[in-house]
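Welcome to a short set of exercises on reading a protein model. Have the structure open beside you, try each task, and then follow the solution step by step.

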Amino acid sequence: MELHFSTTLLKFKPPLSLFSPTTSLSLTSTTPLLLEPKKCFSNLRTLSYSRQFFLPQHASHRNLTQFTASASTVSVDSTKDRLPADVEVTETEEPNSRVRLSVEVPAVVCEDCYQRVIREFTKLTKIPGFRPGKVPEDVLINHVGRKNIQKAVVESILKRTLPHAMSSVSGRALNDSIRIITKFSVMEETYSSTKSLRYDLIVDVAPEVKWIPEDGYKNLKIVVEIDSDIDAQRASEQELKRRYKSLGLLRIVTDRGLQIGDVAVLDISATTIDQDESNVQKIPSAETKGFHFDTEDGDKVLPGFLDSIIGIRQGETMSFPLIFPESWRQENLRGVHAQFTVECKELFYRELPELNNSLAENLLPGCTTLEQVKESLLQRCLEVEQTAKEQATDNAILDQLRKMTEVDIPQSLFEEQGRQLYGAQLLEMQAKMNLSKEQLASLSSPKAVNEYLESQKENIKSMIKQNLAVGDIFRRENLEFPTAELVKEVENSISEFKLHKQEYDEERIREQVQEVLEGAKVLEWLREHAEIQYKTR
């Protein structure tokens with residue numbers, strides 16, 4: 001089985017629909033007078049081990065109660081109480097890795113629970129004229145109420161029999177996924193009329209990973225396509241050019257129109273083209289004011305845009321038609337005929353110093369020659385190139401694992417994973433935007449969370465399948481990692497929580513760190529055993 005997987009290092013995302021999804025590589029935090037601030041090299045380096053199958057780090061731990069869902073409505077005490085007779089349990093497999101357990105509780109067990117309840121009430125109830133623990137049963141029932149006694153008996157039966165009922169799915173049941181589906185009022189009626197009890201419960205169990213073909217992961221054949229923009233040599237040359245341009249001065253153009261090499265400040269708007277003028281609509285994503293456009297980035301814009309504004313002068317307005325190509329990243333604009341209106345507010349040309357060794361320190365601090373600058377930038381770009389290559393390889397492997405597996409995903413697992421991801425996103429938004437309490441309350445409402453789960457359903461399911469496939473391979477191949485590494489990573493994670501003064505669940509942290517380490521070990525194993533071919537496009 002072969003998979004063709006294409007990737008780019010980072011997608012360039014300008015604010016306008018005007019610009020095409022070309023890859024842009026920037027290695028410094030300096031922001032040129034370009035389309036928008038680009039990703040810096042220090043950020044790119046963090047990509048090296050961010051595997052997409054990993055559970056969200058830190059931000060998604062269960063201490064975030066407003067984002068984390070429990071799949072259960074009933075908690076079960078795992079301690080088994082001795083019963084005077086066995087309960088009868090019928091197990092029925094249901095879709096989505098769910099099991100229905102039909103539980104029959106014999107009358108002798110119900111009577112034992114009734115006697116326990118009576119003894120408890122006798123100890124706790126104070127009735128005038130009777131010593132504690134010496135209240136006759138009929139007087140006690142009249143005082144407490146037959147309905148309350150009956151309710152307490154049913155609760156006692158459930159508490160004592162649930163651990164026994166769960167024995168058949170022990171080791172398979174997912175935490176906090178048990179739900180009793182028989183109405184309490186129905187159980188009360190059954191007990192009242194028969195002095196026995198019957199109830200149904202459902203529980204999510206660990207899903208089975210089915211490989212197609214069996215053990216297919218052992219013979220992966222993957223073709224990884226790498227965009228040419230990731231090429232380190234090309235990227236380093238582009239970065240040197242960008243840095244060099246940033247050292248120049250912008251001079252106002254007064255005696256001519258726009259030409260290649262200039263920087264223009266533009267107001268841009270666009271509408272659809274339609275013979276029926278009533279159907280003409282604005283294209284909001286193509287509208288901007290005061291946009292700084294470097295003509296040397298003409299290959300990053302809508303085809304034909306740069307050619308259409310060549311010659312435009314300061315204060316002049318041009319209008320021209322363009323067609324969005326079928327490959328455009330915004331699907332709703334593909335093939336759309338648009339009328340663009342562009343006003344040139346300001347026009348500049350660059351006055352650049354001579355490119356020689358005297359500029360080395362300004363181009364890259366610590367360098368004394370131009371050759372040193374080139375070598376240093378190339379080395380950094382080689383690191384980024386390797387990171388991108390590893391990331392593309394891992395993504396390709398994970399994507400193929402997903403396609404080779406069938407998993408019946410339990411709803412409780414889907415909701416937990418989805419809510420963790422949503423919680424991580426909210427924390428990231430909070431860190432960047434400093435959301436108010438009202439905004440957080442709105443974004444963390446049940447409606448907002450459910451909308452996220454619905455909109456991201458396929459992505460969440462894909463991630464779960466990848467997680468489960470990786471875990472299955474780890475067990476099948478008896479892979480291991482050093483315990484010291486687990487301890488160290490757990491300590492680092494806890495330190496992060498303490499640093500940010502956040503609550504944390506150490507056991508949950510340990511679980512997530514273990515999953516991360518298992519995933520890294522599996523990917524390492526798969527890369528060693530897979531047939532991987534790289535192609536540059």
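**Exercise 1. Two sides of a helix**

Find out which residues of helix 12 are exposed and which are buried, and what covers the buried ones.

Step 1. Start on the outside: Pro-446, Lys-447, Glu-454 and Ser-455 of helix 12 are exposed. Here, exposed means over 50% relative accessible area, buried means under 20%, and partly exposed lies in between, using a 1.4 Å probe and protein chains only. Helices (H or I, at least four residues) and strands (E, at least two) are DSSP runs, numbered from the N terminus.

Before going on, two notes on the source. This is a predicted model, in which local features need pLDDT of at least 70 and side-chain atom pairs count only at pLDDT 80 or more, while totals for chains, interfaces and linings use all residues. Residues are numbered from 1 along each chain as its sequence is written, and side-chain values use heavy atoms, with hydrogens and water left out.

Step 2. Now look at the opposite side of helix 12, which spans residues 446-455: Ala-448, Val-449, Tyr-452 and Leu-453 are buried. Viewed down the axis, the buried residues of helix 12 fall within an arc of 135 degrees, so they line one face of the helix. The arc is taken from the directions from the helix axis to the C-beta atoms.

Step 3. The cover over these buried residues includes helix 10 (411-433), helix 11 (437-443) and helix 13 (457-476). Contact means heavy atoms within 4.5 Å.

**Exercise 2. The same idea in helix 5**

Work out where the buried residues of helix 5 sit and what they pack against.

Step 1. In helix 5 (residues 184-194), the buried residues are Met-187, Glu-188 and Tyr-191. They cover an arc of only 100 degrees around the axis, which puts them on the same side of helix 5.

Step 2. On the other side of helix 5 you will find Glu-189 and Ser-193 exposed.

Step 3. The partners of the buried residues of helix 5 are helix 2, helix 4, strand 4 (179-180) and strand 5 (197-204).

**Exercise 3. How two helices cross**

Describe how helix 2 and helix 4 cross, and say which classes of residue meet there.

Step 1. The axes of helix 2 (residues 107-124) and helix 4 come within 9 Å and cross at roughly 120 degrees. Axes are lines fitted to C-alpha atoms, for helices over the stretch in contact, and angles run from 0 to 180 degrees between N-to-C directions.

Step 2. Helix 2 and helix 4 are therefore oblique to each other. For the naming, angles under 35 degrees count as roughly parallel, over 145 as roughly antiparallel, 65 to 115 as roughly perpendicular and the rest as oblique.

Step 3. The crossing of helix 2 and helix 4 is right-handed. A crossing is right-handed if the near helix is turned clockwise from the far one by less than a right angle, and left-handed if anticlockwise.

Step 4. By class, the contact of helix 2 with helix 4 has 11 nonpolar, 2 polar and 3 charged residues. Ala, Val, Leu, Ile, Met, Phe, Trp, Tyr, Cys and Pro count as nonpolar, Asp, Glu, Lys and Arg as charged, and the others, Gly among them, as polar.

**Exercise 4. A buried alanine**

Which residues is Ala-165 in contact with, leaving aside its neighbours within four places in sequence?

Step 1. Locate Ala-165 in helix 4 (residues 146-165). With a relative accessible area of 1%, Ala-165 is buried.

Step 2. The contacts of Ala-165 beyond those neighbours are Val-89, Leu-101, Val-103 and Tyr-199.

Step 3. Take Val-89 from that list: its C-alpha atom is separated from that of Ala-165 by 6.1 Å, with the two 76 residues apart along the chain.

**Exercise 5. Backbone surprises**

Look for the phi of Ser-97 and of Lys-501, and for the peptide bond from Ile-212 to Pro-213.

Step 1. Begin with the background: most residues other than glycine have a negative phi, and most peptide bonds are trans.

Step 2. Ser-97 is not a glycine, but has a positive phi of about 50 degrees. Ser-97 is buried, at a relative accessible area of 10%.

Step 3. Lys-501 also has a positive phi, of about 55 degrees. Lys-501 lies in the loop between helix 14 and helix 15, and counts as exposed at 79% relative accessibility.

Step 4. The peptide bond from Ile-212 to Pro-213 is cis, with omega near 0 degrees. Pro-213 sits in the loop between strand 6 (210-211) and strand 7 (221-226).
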